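Got the viewer open? Here is a short walk through the model, one selection at a time.

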Amino acid sequence: MATKFLSPKLLNTLPSFTRFLNSASTAPIAAVSPLNFDEKPEPAAAEKQLTSLNEPTTTTTLDLYDHQKLFASVSTWKLVRSSATLGLASNERFVDFGMWVMNSRLMETSLVRDVILKTVKHTFFQHFCAGETTEEAADCVRRIHDGGFRGMLVYAVEHTGDNAGCDRNLEGFIRSVEFAKSLPASSVSFVIAKITAICPIGLLRKVSDLLRWQYKDPSFNLPWKLNTFPIFSDSSALYHTLQKPAPLSPQEELDLQLAHQRLLRLCRKCVQDNVTLTIDAEDTSIQPAIDYFTYSSAIMYNRDDKPTVYGTIQAYLKDARERLFTATKAAESLGIPMGFKLVRGAYMSSESKSASLLGYDSPIHNSIQETHACYNDCASFMLERIADGYDAVVLATHNVESGKLAASKACDLGIRKGNQKLEFAQLYGMSDALSFGLRNAGFQVSKYLPYGPVDMVMPYLLRRAEENRGLLSASSLDRVLMVNELMRRLKELQFACQVRDGISK
Ligand SMILES: Cc1cc2nc3c(=O)[nH]c(=O)nc-3n(C[C@H](O)[C@H](O)[C@H](O)COP(=O)(O)OP(=O)(O)OC[C@H]3O[C@@H](n4cnc5c(N)ncnc54)[C@H](O)[C@@H]3O)c2cc1C
């Protein structure tokens with residue numbers, strides 16, 4: 001159906017997109033705790049890379065394995081604490097128990113709740129979050145910026161069910177933009193927003209149903225619908241909407257208008273304060289409405305060469321490639337620059353569960369290799385577009401292989417260091433090895449920095465716990481690197497003691 005939107009000329013370019021298909025490796029992921037970003041990039045290495053980026057090359061200098069160099073500025077105490085936190089997060093039994101407690105009625109007892117929240121605050125929260133207040137978050141941004149990184153500011157509210165909650169959340173996002181503006185120039189790359197925080201979630205479900213039905217039946221009229229890019233492709237899962245949905249009631253239409261006005265106010269604020277906004281992707285039951293909000297506001301606010309509004313594409317979805325392709329091409333045909341954050345996706349277990357409950361295939365690729373290949377294809381596609389002067393991308397990944405492939409391709413294409421249209425990003429507290437390596441190679445790297453009260457950030461922390469559990473979890477490589485560095489320091493200490501004892505004898 002997306003093909004209807006595209007001109008034959010644009011369709012002819014489809015093979016050049018599919019040409020990028022490759023099967024990326026299943027390499028484990030690098031992650032280090034938010035150890036210490038005071039380590040400055042080495043000027044010589046950065047300069048060397050800058051020169052080589054000017055000339056097409058097939059090599060990059062991503063050094064992710066020299067733990068001594070990597071953790072040179074990190075105190076031994078910090079190394080111990082971070083590897084212990086990541087080690088706990090990788091313990092499946094511990095994570096299962098933690099999740100059971102968080103979802104149990106124990107949390108309704110204020111004493112137990114206080115103890116649990118305090119424990120979380122001094123362990124996982126400290127590791128994965130920038131702070132509870134804007135002051136704490138500002139310290140964190142300054143620290144990482146001194147170390148050569150930028151911050152993606154995430155006021156970590158999750159979904160809400162009513163307009164009053166949405167209004168409160170909007171004020172939080174607006175304050176985030178003001179906060180970003182108050183920080184040192186270029187220390188903040190993006191302010192992140194979640195549409196579920198500014199539009200009631202029930203309404204997002206309903207709007208998604210209506211959009212899906214219109215995709216199945218283009219004659220189905222949606223009087224409230226604004227101009228948008230294509231939201232679905234022929235491979236999109238439509239099983240969430242099995243029956244023709246009722247139209248929005250007058251109250252729902254009003255609520256939708258209010259939600260739109262919230263997003264537009266946020267976009268205007270971003271334009272006014274020269275801050276770039278990225279909209280997070282969530283689960284497929286509501287993602288069509290999220291894309292609808294994102295694209296309709298991008299059409300209004302992305303101007304000239306600089307996208308103000310970025311969307312997010314989750315490469316674990318079977319329809320990710322086609323949707324990315326049709327959306328970028330539609331934007332191009334309207335002369336609108338588009339930006340995308342490219343992620344694999346964080347709602348894996350809930351997606352599979354809800355599809356199997358309804359008796360449908362999961363919308364997620366059948367194998368992890370297919371997800372890796374999809375991510376790398378999409379990254380390749382976006383890098384080609386940037387090299388051709390279109391669009392912008394944030395390659396948000398902890399996957400070392402994807403990082404290396406993208407860095408190498410960016411060099412091959414001559415995409416220069418400092419090009420505002422290419423950003424790598426990792427979550428704060430994860431994959432610092434990859435972040436340091438990319439930074440040392442001369443790329444722009446951001447850390448995703450959630451901040452807010454501990455209880456508000458809890459759903460985010462639970463997703464991180466899910467991601468880091470298991471032996472081959474997202475933090476496995478960084479844990480190995482940290483332990484190796486601790487062992488090296490221990491041996492060094494032993495040797496120093498032996499030398500001292502030898503001298504004194
Ligand atoms: C800066 C940043 C922003 C982010 N924003 C978002 C966002 O807006 N929305 C969102 O959903 N996520 C977001 N994420 C989270 C991201 O989706 C997760 O980090 C992701 O799950 C991990 O992918 P990775 O690229 O780091 O690579 P890896 O760690 O290599 O990914 C491997 C993981 O992919 C999962 N997986 C995917 N497909 C399959 C499959 N077919 N079979 C088995 N396992 C599979 C598994 O859980 C596996 O552990 C963001 C991440 C970053 C770094």
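Select Phe232 to begin. With 21 C-beta neighbours inside 10 Å, phenylalanine 232 counts as buried, because 20 or more is what that label takes. You'll find Phe232 in the loop between α11 and α12 (250–273). Now add Leu211: 21 residues separate the pair in sequence, and their C-alpha atoms are 9.1 Å apart in space.

Before going further, a word on what you're looking at: this is a predicted model. The protein chain has an average pLDDT of 85, and 87% of its residues score at least 70. Colour by confidence and check residues 1–59, where the pLDDT is below 50; beyond near neighbours in sequence, that stretch has 144 contacts in the model. Where pLDDT is low, the predicted coordinates should not be read in detail.

**Two crossing helices**

Next, select α11 (residues 201–216) together with α13 (residues 287–301). Their axes come within 7 Å and cross at roughly 85 degrees, so α11 and α13 are roughly perpendicular to each other. To see the contact itself, show side chains for Leu204, Val207, Ser208, Leu211 and Arg212 on α11, and for Pro288, Ala289, Ile290 and Tyr292 on α13. Leu211 is the residue you paired with Phe232 a moment ago.

**The barrel**

Zoom out and switch to cartoon. The protein chain holds 20 helices and eight strands. How do the eight strands close up, and in what order? They form a barrel running β1-β2-β3-β4-β5-β6-β7-β8, with parallel pairing. On average, neighbouring strands of this sheet are turned by 30 degrees against each other, direction ignored.

Pick out β1 (residues 150–155) and β2 (residues 188–193), which pair in the parallel sense over four bridges. Look across from Met152 and you'll meet Phe190 of β2 standing opposite. While you're here, add α18 (residues 432–440): this helix packs on the sheet, touching β7 (422–427) and β8, and its direction makes about 140 degrees with that of β8. Another helix to show is α9 (residues 134–146), lying across β1, β2 and β8 (445–451) and running at about 165 degrees to β8.

Now turn to the other side of β1. Six bridges join β1 to β8, and the two run parallel. Leu153 is a handy residue to click: Leu449 in β8 stands opposite it, and its bridge partner in β2 is Val191.

Are the residues of β1 buried or exposed? Six of the six are buried. In a regular strand the side chains alternate between the two faces of the sheet. Colour Arg150, Met152 and Val154 for one side of β1, then Gly151, Leu153 and Tyr155 for the other; all of these are buried, leaving both faces covered.

**Into the core**

Keep Val191 selected; this valine lies in strand β2. Val191 counts as buried because 27 C-beta neighbours sit inside 10 Å. What does Val191 touch, leaving aside its neighbours within four places in sequence? Its contacts are Leu153, Ser176, Val177, Ala180, Cys270, Val275 and Leu277. For a longer jump along the chain, add Val309, which is 118 residues from Val191 in sequence and 10.0 Å away in space, C-alpha to C-alpha.

Val191 also belongs to something bigger. The largest nonpolar core has 131 residues, and those with the most contacts inside it are Leu153, Val191, Leu277, Leu342, Cys378 and Leu449. Select helix α16 (residues 368–387) too, since you'll want the element that gives the most to this core, with eight residues.

**Two loop residues to compare**

Last stop: two residues with a positive phi. Asn274 has a phi of about 55 degrees although it is not a glycine, and you'll find Asn274 in the loop between α12 and β3 (277–279). Serine 431 also has a positive phi of about 55 degrees, and it is not a glycine either; its place is the loop between β7 and α18.

Which of the two labels, buried or exposed, goes with each? Asn274 counts as exposed because its C-beta has 12 neighbours inside 10 Å. Ser431 is buried, with 29 other C-beta atoms within 10 Å.

To finish, show the whole chain again. Of its 505 residues, 49% count as buried. Among contacts between residues at least 6 apart in sequence, 83% join residues at least 24 apart.

Note on methods: Residues are numbered from 1 along each chain as its sequence is written. This is a predicted model: local features need pLDDT of at least 70, side-chain atom pairs count only at pLDDT 80 or more; totals for chains, interfaces and linings use all residues. A nonpolar core is a set of buried Ala, Val, Leu, Ile, Met, Phe, Trp, Tyr and Cys residues joined through C-beta atoms within 7 Å. Two strands pair if DSSP finds at least two bridges between them. Axes are lines fitted to C-alpha atoms, for helices over the stretch in contact, and angles run from 0 to 180 degrees between N-to-C directions. Two residues are in contact if their C-beta atoms, placed from the backbone, lie within 7 Å. pLDDT is the predictor's confidence in each residue, from 0 to 100. Angles under 35 degrees count as roughly parallel, over 145 as roughly antiparallel, 65 to 115 as roughly perpendicular and the rest as oblique.
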